[in-house]
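Ready for a few hands-on exercises? Keep the sequence and the model open side by side, try each task yourself, and then read the solution.

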Amino acid sequence: MIEILAAEFQVRPNHAQAVVELLDEGNTVPFIARYRKEQHGAMDDQTIRSLAERLQYLRGLDQRRAEVKAAIGQQEKLTPELAAAIDSAATLTEVEDLYRPFRPKRKTRASVARERGLEPLAQHIFTGMGPDGKRLGAASLEALAARFVDGEKGVPDLDAALQGAKDIIAEDFSDDAAIRKSLREKMQRSGAVKSAASTEEDTVYRIYYDFQEPLKKLQSHQILAMDRGEREGVLKVSVLPGELGPAQTILREFSPSHPFLSLLEEVAGDAWDRLIFPSLEREIRKELTERADEQAIHTFALNLRPLLMQPPVKGRVTLGFDPAYRTGCKLAVVDGTGKVLETAVIYPTKPHNKVEESKRVLRRLCDAHHIQCVAIGNGTASRESELFVSEFIKEYDGGLSYMVVSEAGASVYSASKLGAEEFPDYDVSLRSAVSIARRLQDPLAELVKIDPKAIGVGQYQHDMPQARLSEALDGVVEDCVNAVGVDLNTASPSLLRRVAGVSPTVAKNVAAYREENGSFRTRRELLKVPKLGPKAFQQCAGFLRVPESEKVLDRTAVHPESYPAAEKLLELCGYTLGDVGSLGELNQRIARLGEAKAAEACGVGLPTLRDIAAELQKPGRDPRDQLPPPLLRTDVMDVSDLIPGMRLTGTVRNVVDFGAFVDIGVHQDGLVHVSQLADRFVRNPSEVVKVGDVVDVTVLEVDEKKKRIALTMKKQKAE
């Protein structure tokens with residue numbers, strides 16, 4: 001198993017072994033990735049998580065092999081050859097193929113024929129050998145079958161005897177693992193998926209009304225669209241086997257001189273049409289869906305990471321603007337730390353259209369609280385609200401800017417128990433306005449309060465296996481939270497529970513301890529929190545910062561277990577703890593000492609030494625600060641303003657299999673098709689762009705009626 005993992009992930013066997021052992025000891029992925037680099041060769045968290053998933057599959061495969069061998073053994077049919085074949089099966093499908101002949105079956109035509117005593121006849125036909133062990137002639141078939149005619153057993157005549165024997169042989173062909181494997185591989189190579197309309201109505205599935213694509217070229221989004229269309233009764237989907245020659249494959253072990261070859265060809269055709277093809281079609285459809293699900297989950301996770309890691313707009317007083325029509329737009333002013341200063345409701349949109357009155361309210365809020373930016377939710381009435389805010393900014397000479405923020409999941413948070421606990425005095429819509437403002441200020445801290453599935457940066461997420469989707473997305477959230485680090489004294493329980501080693505119960509206990517005893521003074525104080533024992537402390541301590549601590553290392557990502565090493569490094573380089581944060585020559589001094597010698601003197605490996613040095617120079621650094629800031633706007637355009645050839649700057653909002661959706665400031669996102677992402681061939685859009693990227697685009701085509709904007713990121717020739 002270790003050899004398989006090492007080969008698949010292209011790592012050394014001892015590093016794969018170390019990850020497996022660390023996982024088995026109950027260590028979390030973020031802890032392993034950050035604080036055990038020497039043991040696993042500095043793999044990143046995503047690789048470790050993928051390795052853990054593959055390990056789980058391989059262990060499940062091992063367990064299934066053992067179960068199958070035990071089940072066949074109980075039937076006293078487990079031969080050394082069969083056991084070896086099961087042990088060498090590389091996938092669960094291969095194991096199930098080998099188990100198929102021994103699996104307890106419901107009543108079939110073949111099982112009825114066996115009950116009627118026709119198995120010996122089937123064997124004679126199959127082998128071409130008579131009861132005396134001699135080769136049979138083609139003319140001897142009727143005489144052979146006549147011996148099995150027995151009215152009392154339900155075999156009234158020759159035809160019934162022969163049919164029963166053929167049914168047994170057909171099922172044996174269907175249960176043969178080698179035959180199934182060969183036919184499955186041929187179908188996967190040359191087969192296709194076909195979909196046809198089962199309605200005359202015009203629907204979103206129109207492109208699949210007469211659609212056919214080879215299996216090997218089928219895209220994940222196409223599979224998921226056809227699956228959904230089939231569930232909704234709009235499409236009929238089927239698999240075309242391609243150029244198979246199934247009879248030749250089934251009978252490839254038979255000699256051309258076999259006495260009953262023509263009969264066996266008939267049986268092979270029946271086995272294929274009635275048993276093998278329907279079964280393989282179900283299998284292939286299931287495999288396609290599982291593959292598409294995994295790809296969609298992977299895309300969702302890939303999009304979620306940069307969304308969570310978007311640079312925060314730190315320290316700015318922000319106005320959260322939750323647009324609406326009839327019920328009015330809800331406003332919430334929050335200070336640079338996210339604390340709510342004031343809320344209001346204005347009615348600038350239809351049916352009220354109280355534009356001037358709304359501007360007066362907005363001006364009063366801006367003057368009173370020195371608002372610097374506005375975060376506008378992208379839901380209902382967002383377009384009108386954006387026009388209103390843009391017009392206000394032109395009139396208000398106060399350095400204001402705005403950004404349209406995705407409000408996906410904001411209503412889920414607002415109506416949740418957590419939202420009610422955080423803002424018991426506000427109604428649901430005012431909580432949404434607060435959430436929208438905080439999403440601009442610190443996307444990670446706010447988005448962790450929402451079920452990742454509700455954040456809306458994927459496709460077909462409601463069709464996915466929900467447990468698997470949650471597992472993948474929770475892993476992304478955990479990795480992001482731990483990469484950034486968490487302030488122990490200000491983090492909400494929602495944020496704390498995403499820290500490595502901190503359970504939801506412990507997160508609540510940390511918050512309760514804080515309320516009862518005041519701010520934490522040191523990391524070690526965590527051990528006083530109920531249910532937070534030494535193991536949990538080991539996992540979480542490095543990711544929790546205590547900015548108020550007198551111990552400077554408590555403010556950094558240096559793990560408490562490495563404090564002696566950090567102090568020793570400072571001593572070797574002629575510094576003290578008081579110098580942390582202003583160590584301009586630390587790297588040069590380490591270089592003069594020699595990295596390897598310094599690491600040995602400190603009792604750590606090179607990766608840990610480098611991490612400690614980086615933290616001592618920039619204590620508690622935020623990796624998000626190294627990314628380009630979000631694009632804030634002061635003006636807005638209309639779709640009608642767009643003309644082909646116009647060059648614009650936009651923000652990537654979503655990345656899917658077929659391209660990227662970009663916000664270019666006209667409320668309607670434009671699509672950069674995968675073929676337009678670069679001047680080179682792009683296999684997957686994620687190779688080029690990620691959610692949150694600020695990109696330069698050129699308008700290709702605008703269809704106002706269908707609300708479609710086609711964009712390109714290719715270099716445009718100078719006119």
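## Exercise 1: A valine in a loop

Val691 counts as buried, with a relative accessibility of 4% (buried means under 20% relative accessible area, exposed over 50%, partly exposed in between, with a 1.4 Å probe and protein chains only). Before going on, note that this is a predicted model, in which local features need pLDDT of at least 70, side-chain atom pairs count only at pLDDT 80 or more, and totals for chains, interfaces and linings use all residues. Residues are numbered from 1 along each chain as its sequence is written, and side-chain values use heavy atoms, with hydrogens and water left out.

Task: Where does Val691 lie, and which residues is Val691 in contact with, leaving aside its neighbours within four places in sequence?

Solution:
- Step 1. Find the loop between strand 13 (670–673) and strand 14 (694–703); Val691 lies there. Helices (H or I, at least four residues) and strands (E, at least two) are DSSP runs, numbered from the N terminus.
- Step 2. Skip the neighbours within four places in sequence, and the contacts of Val691 are Asn303, Pro306, Leu307, Val652, Arg653, Asn654 and Val655. Contact here means heavy atoms within 4.5 Å.
- Step 3. Now try a distance: from Val691 to Met464 it is 21 Å, C-alpha to C-alpha, with their positions 227 residues apart in sequence.

## Exercise 2: The whole chain

Task: How many helices and strands are there in the protein chain, and what share of its residues is buried?

Solution:
- Step 1. Count the elements: the protein chain has 29 helices and 15 strands.
- Step 2. Take the 719 residues of the chain; 48% of them are buried.
- Step 3. Draw a box along the principal axes, and the C-alpha atoms fill roughly 105 × 70 × 55 Å.
- Step 4. Look at contacts with a separation of 6 or more: residues 24 or more positions apart account for 66% of them.

## Exercise 3: Two helices that cross

Task: At roughly what angle do the axes of helix 5 and helix 22 cross, and which residues meet there?

Solution:
- Step 1. Pick out helix 5 (residues 45–74) and helix 22 (residues 466–484); their axes come within 11 Å and cross at roughly 150°. The axes are lines fitted to C-alpha atoms, for helices over the stretch in contact, and angles run from 0 to 180 degrees between N-to-C directions.
- Step 2. That angle makes helix 5 roughly antiparallel to helix 22 (under 35 degrees is roughly parallel, over 145 roughly antiparallel, 65 to 115 roughly perpendicular, and the rest oblique).
- Step 3. List the residues: Asp45, Arg49, Glu53 and Gln56 in helix 5 meet Arg468, Glu471, Gly475, Glu478 and Asp479 in helix 22.
- Step 4. Sort them by class, and you get no nonpolar, 2 polar and 7 charged residues. Ala, Val, Leu, Ile, Met, Phe, Trp, Tyr, Cys and Pro count as nonpolar, Asp, Glu, Lys and Arg as charged, and the others, Gly among them, as polar.

## Exercise 4: Salt bridges

Task: How many salt bridges does a search of the whole structure find, and which residue forms one with Glu171?

Solution:
- Step 1. Side chains of opposite charge can pair when their charged atoms come close. The cut-off for a salt bridge is a side-chain nitrogen of Lys or Arg within 4 Å of a carboxyl oxygen of Asp or Glu.
- Step 2. The search finds 56 of them.
- Step 3. The partner of Glu171 is Arg114, with the closest N and O atoms 3.2 Å apart. Glu171 lies in helix 11 (residues 158–175) and Arg114 in helix 8 (residues 109–115), so this pair ties together parts 57 residues apart in sequence.
- Step 4. Check the surroundings: Glu171 is buried at 9% relative accessible area, while Arg114 is partly exposed at 26%.
- Step 5. For a pair within one helix, try Lys359 and Glu356, bridged at 3.9 Å, N to O. They sit 3 residues apart in helix 16 (residues 355–369), about one helical turn.
- Step 6. Finish with a network of salt bridges, which links Lys314, Asp442, Asp622, Arg624 and Asp625.

## Exercise 5: Backbone oddities

Task: Which residues does a cis peptide bond join, and what is phi of Glu76?

Solution:
- Step 1. Most residues other than glycine have a negative phi, and most peptide bonds are trans.
- Step 2. The cis bond joins Lys350 and Pro351, with omega about 5°.
- Step 3. Phi of Glu76 is near 60°, a positive value in a residue other than glycine. Glu76 is in the loop between helix 5 and helix 6 (80–88).
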